[in-house]
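Got the viewer open? Here's a short walk through a few stops, with what to select at each one.

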Amino acid sequence: MDLDIDAESAAFRDEVRAWLADNVPRPALPSMDTAEGFAAHREWEARLADARLSVVTWPAEYTGRDASLLQWLLFEEEYYAAGAPGRVGQNGIFMLAPTLFAHGTAQQRDRILPAMARGEQVWAQAWSEPEAGSDIAALRSRAVRTDGGWLVSGQKTWSSRAAFADRAFGLFRSDPDSERHRGLTYLMLDLRADGVTVRPIPQLDGEPGFAELLFDEVFVPDEDVIGNPGDGWRVAMTTANNERGLSLRSPGRFLASADRLVRLWGERGEPAATAERVADAWIDTRAYQLYTYGTATRLAEGERLGPESSVNKLAWSGVDVELHETALDVLGADGEVASPWVDGYLFSLAGPIYGGTDQIQRNTIAERVLGLPREERR
Amino acid sequence: MRFALSPEQRDFAAALDELLAGSDTPGAAREWAERRCEPGRKLWRELADLGVWGLLVPEEHGGAGAEPADAVVALEACGYHAVPGPVVETAVVAPRLLGGDELAAVAAGEAMTTVAIPPEVPRALDADVADIVLRLDEETVTRVPSDVDPDGRVPSIDAVRGLFPVPGHGVPVGAARPHAVEFGVLGVSAQLVGAARRMLGMATEYAMQRRQYGRPVGQYQAVKHLLADVTVRLETARPLVDGAAVTLASVADVPGADVPGAQARAVVRDTSAAKVAATRAAILAARTSLQVHGAIGYTAEHDLGLWLTKVRALAGAWGTADEHRARVLRAVRGGHDG
């Protein structure tokens with residue numbers, strides 16, 4: 001058992017650190033959920049791509065670095081420690097791309113990935129529907145066969161980045177007689193296509209970080225189906241595991257916040273009233289980092305992420321809220337004043353909801369990790 | 001980086017589990033509480049056969065010269081099975097305090113060792129049963145005669161634990177190796193994690209058997225979510241304990257004065273973080289397990305109480321969670337200034 005960083009990974013980490021020190025924009029970019037900020041974040045993705053740092057876990061032929069999981073974790077630690085911008089491309093890079101590597105065709109990968117890696121095409125996810133939240137298998141939006149493709153109709157909602165994104169991916173019911181997770185097809189859509197209406201939805205911070213998507217017989221060509229028609233649930237599980245598991249929530253962002261929290265507490269004169277919570281937030285963050293190193297080790301040795309990825313999700317969603325609530329309390333009456341801590345706090349509040357609510361994760365742990373009997377479901 | 005148990009460590013854990021699961025450890029603990037110690041001593045001899053007491057003893061003194069992470073495996077098993085006696089003191093602290101001859105006896109399982117380290121460890125555990133009774137003040141180790149007056153026993157919330165004050169006028173036996181306290185903190189953290197895992201397991205099993213309103217209580221979300229929360233606390237505490245073991249391994253054989261400041265801070269930071277997280281996990285597991293069991297868990301007859309009272313005792317032993325939080329903050333802040 002060790003926590004040693006091998007020479008190659010250390011060299012990669014040092015390269016990342018040096019590049020970020022020279023390139024991270026100052027002052028910070030405006031919110032990516034504004035038109036101006038979205039454009040600035042798109043440009044940032046291109047700068048990352050020029051340094052071959054936008055998609056480090058991808059294969060070299062798609063401008064990645066073939067980074068190991070450990071190297072990716074180190075990349076993220078450096079990235080957030082440097083205060084670099086949020087990743088406007090992350091839905092595509094961390095959810096769609098792994099699906100394309102697992103289930104897509106070479107033609108799809110060649111067509112889609114280069115533009116994704118440079119931020120030229122930004123992807124929104126289109127999972128939730130008004131009647132299908134955590135229970136995603138209840139979705140109703142449909143895809144009807146037509147010449148050379150599918151006609152998509154229905155409604156998606158809470159679609160992250162969709163207010164300004166170029167394209168979206170999600171599941172659609174292609175067999176009208178099917179129920180639950182059968183008869184679904186995984187499709188990629190052009191948000192500028194005829195029949196698409198995008199209604200931005202302002203979030204708690206007032207900016208449209210997500211949108212409602214209305215589809216009225218939107219044509220989707222066959223080349224934009226991932227995997228076989230009707231097999232979408234299985235295809236999507238790749239993506240779901242990536243969202244709930246390691247990929248979207250590396251410890252890097254939380255470690256950076258934890259370090260800033262302890263500094264803030266020091267700058268405020270180490271108030272005794274918040275010492276316990278500051279310490280616990282730091283400790284819980286460190287625990288999540290080490291837990292993730294353990295997961296990375298197991299994955300590197302060929303194990304698969306199972307239901308314990310629900311432990312992962314509860315750990316990070318809890319840590320994120322804990323860090324930011326504690327920081328706002330350390331700030332006391334200044335806590336309400338607009339600041340990166342306020343932004344981070346509002347952002348953290350979404351964590352326990354998306355990607356399967358924390359309550360669904362607890363059910364998963366209880367039933368599939370501990371083996372408790374399933375609740376009777378209709 | 002390989003941050004996981006090795007195949008050898010997994011085999012070791014399985015061997016410990018097999019031995020202890022077949023040994024009625026709760027029965028031995030109950031006897032130990034009444035100072036009928038033979039079943040407990042038998043357990044200790046069997047653990048000696050598996051090499052537990054010599055893990056951290058250097059090879060030249062008959063030990064295994066193993067890593068702190070191996071001791072974590074052993075102490076987690078001791079915690080899981082409620083092995084009575086000064087397991088932390090003998091397995092991980094004695095090798096920091098004793099010289100060659102005594103260490104050889106420890107490794108051979110012939111020298112159950114206990115220690116008081118005021119103020120963190122004000123009384124020595126089971127000094128009336130132990131073969132070697134020590135006291136550590138700063139760096140100085142003294143030894144007192146092991147014929148302790150049994151009437152001097154201070155009662156503990158955990159009836160199995162016999163607590164004894166150790167007078168300060170023992171015979172000096174030398175200087176402690178560095179980080180003796182941190183090794184103890186690591187050991188007790190591993191023990192707490194093991195106890196937490198056991199109480200979670202007991203609660204899960206009970207929730208599957210116990211039926212109310214026509215279904216197993218484990219089918220209700222209210223119960224499921226309690227147990228899921230314990231699982232998260234436990235699964236995220238264990239890596240901190242392993243991480244502290246890795247950090248301690250990096251300084252175990254280095255004279256204290258030669259350890260760079262950043263590394264010395266990391267030792268304090270990581271062992272203290274482990275104690276805080278292990279304590280929180282164990283206390284949550286205890287409270288939750290009792291709640292899931294209901295009244296039966298509140299009885300002296302049920303074994304849950306063996307673990308429930310032990311983790312409450314261990315929560316205060318080797319520094320409270322709040323003391324360790326303060327150490328974590330000082331260490332992290334020290335890194336900022338330096």
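Strands (E, at least two residues) and helices (H or I, at least four) are DSSP runs numbered from the N terminus, and two strands pair if DSSP finds at least two bridges between them. This is a predicted model: local features need pLDDT of at least 70, side-chain atom pairs count only at pLDDT 80 or more, and totals for chains, interfaces and linings use all residues. Residues are numbered from 1 along each chain as its sequence is written, with chains lettered from A and ligands numbered from 1 in the order in which they are written.

Start by selecting residues 149-160 and 210-221 of chain A: these are strands S3 and S7, antiparallel and joined by nine bridges. Zoom in on A:Ser160, whose bridge partner in S7(A) is A:Phe210. Now add S6(A), residues 196-201, which runs antiparallel to S7(A) with six bridges. Here A:Ile201 stands opposite A:Phe210.

Next, hop to chain B and pick H5 (87-97) and H7 (180-209). Their axes, lines fitted to C-alpha atoms over the stretch in contact, make an angle (0 to 180 degrees between N-to-C directions) of about 160°, and they sit 9 Å apart. H5(B) and H7(B) are therefore roughly antiparallel, the label for angles over 145 degrees.

Last stop: where the chains touch. Contact means C-beta atoms, placed from the backbone, within 7 Å; 36 residues of chain A and 39 of chain B take part. On chain B's side, select H8(B), which gives the most, 15 residues.

Terms used: Contact = placed C-beta atoms within 7 Å. Parallel < 35°, antiparallel > 145°, perpendicular 65-115°, else oblique.
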